[in-house]
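User: I would like a close look at a single part of this model, starting from one residue and working outwards. Please keep the wording plain.

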Amino acid sequence: MSFRAGKLPLLISIPHAGTRLTPAVEAGLSDAARPLSDTDWHIPRLYDFAHEMGASIVIGNYSRLVVDLNRPEDDQPLYSTATTGLFPETLFDGRPCFMPGKTPSPQERQSYLQQIWRPYHQQLQSELDRLKNQFGYALLLDAHSIASVIPRLFEGQLPDLNFGTNSGASCAPSLSEQLIECCQYNSSFSHVLNGRFKGGTSLGHMAHLKIISTQYSWSYRSSTICLKPCLIPTCLNGQRIYSNYSNS
């Protein structure tokens, strides 16, 4: 992973931008999987401005086809509809990730969990603890991108901006309301809150923190236009926003 510490109480997690492969995964990939089409393309570039403004950023380097950093360690499914797991066997469109008989062994996958998944989440927790100790609260923004049309996963076309707060469980309503107001101010981009994507394992297991998941569909143009005016001010207003929200 790569990590850059910031000076504001905001951590941006980018778990799916990695393209690095282990030898076993690379040797076993199907022809359909070799382009790594399910990668969250462009997200580190999209958020590059945020570190300069003071945010901490952690980015996964390994492909989600090795191990998915945004799935729980026990591999419980995120959604009742079609999805992919901790160790994906199929692509988003349902085609197999690996050639027959070429799936990495259980021992190899256990090593991916120990050497890739756990260090990433330990880094997340360590930085969030540091920010909470310094500022009294911490904001985690889980950043993703996805193709706007994937019939196996959802009907129709996604909005440009897809925000998830675990149906309101992971942050105070006043924070999500502020983000939606920002999107409404910039009407160039369609948006939704807690639509098809409500957030991954970070939202499910760190809900005592203030967490929002963002999913940018590939139909977006430069969503930085929308992000810059609201991301950092939202962070700076966090103390006021959370004055009545539990920090347990």
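Analyst: This is a predicted model. Glu26 sits in helix H1, which covers residues 23-28. Is Glu26 buried or exposed? Its relative accessibility is 45%, and buried means under 20% while exposed means over 50%, so Glu26 counts as partly exposed. Leaving out residues up to four places away in sequence, Glu26 touches Leu21 and Arg34. Glu26 and Leu65 are 39 residues apart along the chain, and their C-alpha atoms are separated by 9.4 Å.

Leu65 leads on to the nonpolar interior. The largest nonpolar core has 26 residues, and Leu65 is among those with the most contacts inside this core, together with Leu11, Leu29, Val67 and Tyr112. Helix H4, residues 106-135, supplies the largest share of this core, 8 residues. Nonpolar side chains tend to be buried together in soluble globular proteins.

Tyr112 can be followed further. Not counting residues up to four places away in sequence, Tyr112 touches Thr22, Ala24, Val25, Val66, Val67, Phe87, Pro104 and Trp117. Of these, Val67 is also listed with the residues that have the most contacts inside the core. Another core, of 18 residues, lies apart from this one and includes Ala55, Leu141, Cys171 and Leu175.

Next comes Arg64. This residue is in the loop between strand E3 (56-59) and helix H4. Arg64 has a relative accessible area of 6%, and the cut-off for buried is under 20%, so Arg64 is buried. Its side chain reaches the backbone oxygen of Asp38 at 3.3 Å. Setting aside neighbours within four places in sequence, Arg64 is in contact with Asp38 and also with His16, Asp40, Arg71, Thr84, Pro88 and Phe92.

One strand pair remains to be described. In strand E5, residues 161-164, Leu161 and Phe163 point one way, whereas Asn162 and Gly164 point the other way. All of them are buried. In a regular strand the side chains alternate between the two faces of the sheet. Strand E5 runs parallel to strand E6, residues 191-193, and 3 bridges join them. The bridge partner of Phe163 in E6 is Leu193. Between E5 and E6 the chain passes through helix H5, residues 173-185, and this β-α-β crossover is right-handed.

Notes. Residues are numbered from 1 along each chain as its sequence is written. This is a predicted model: local features need pLDDT of at least 70, side-chain atom pairs count only at pLDDT 80 or more; totals for chains, interfaces and linings use all residues. Side-chain values use heavy atoms; hydrogens and water are left out. Buried means under 20% relative accessible area, exposed over 50%, partly exposed in between (1.4 Å probe, protein chains only). Helices (H or I, at least four residues) and strands (E, at least two) are DSSP runs, numbered from the N terminus. Two strands pair if DSSP finds at least two bridges between them. A crossover is right-handed if, with the strands pointing away from the viewer, the path from the first strand over the helix to the second runs clockwise. A nonpolar core is a set of buried Ala, Val, Leu, Ile, Met, Phe, Trp, Tyr and Cys residues joined through side-chain atoms within 4.5 Å. Contact means heavy atoms within 4.5 Å. A polar contact is a pair of N or O atoms within 3.5 Å; within protein, one must be able to donate a hydrogen and the other to accept it, and residues adjacent in sequence count only if both atoms are side-chain atoms.
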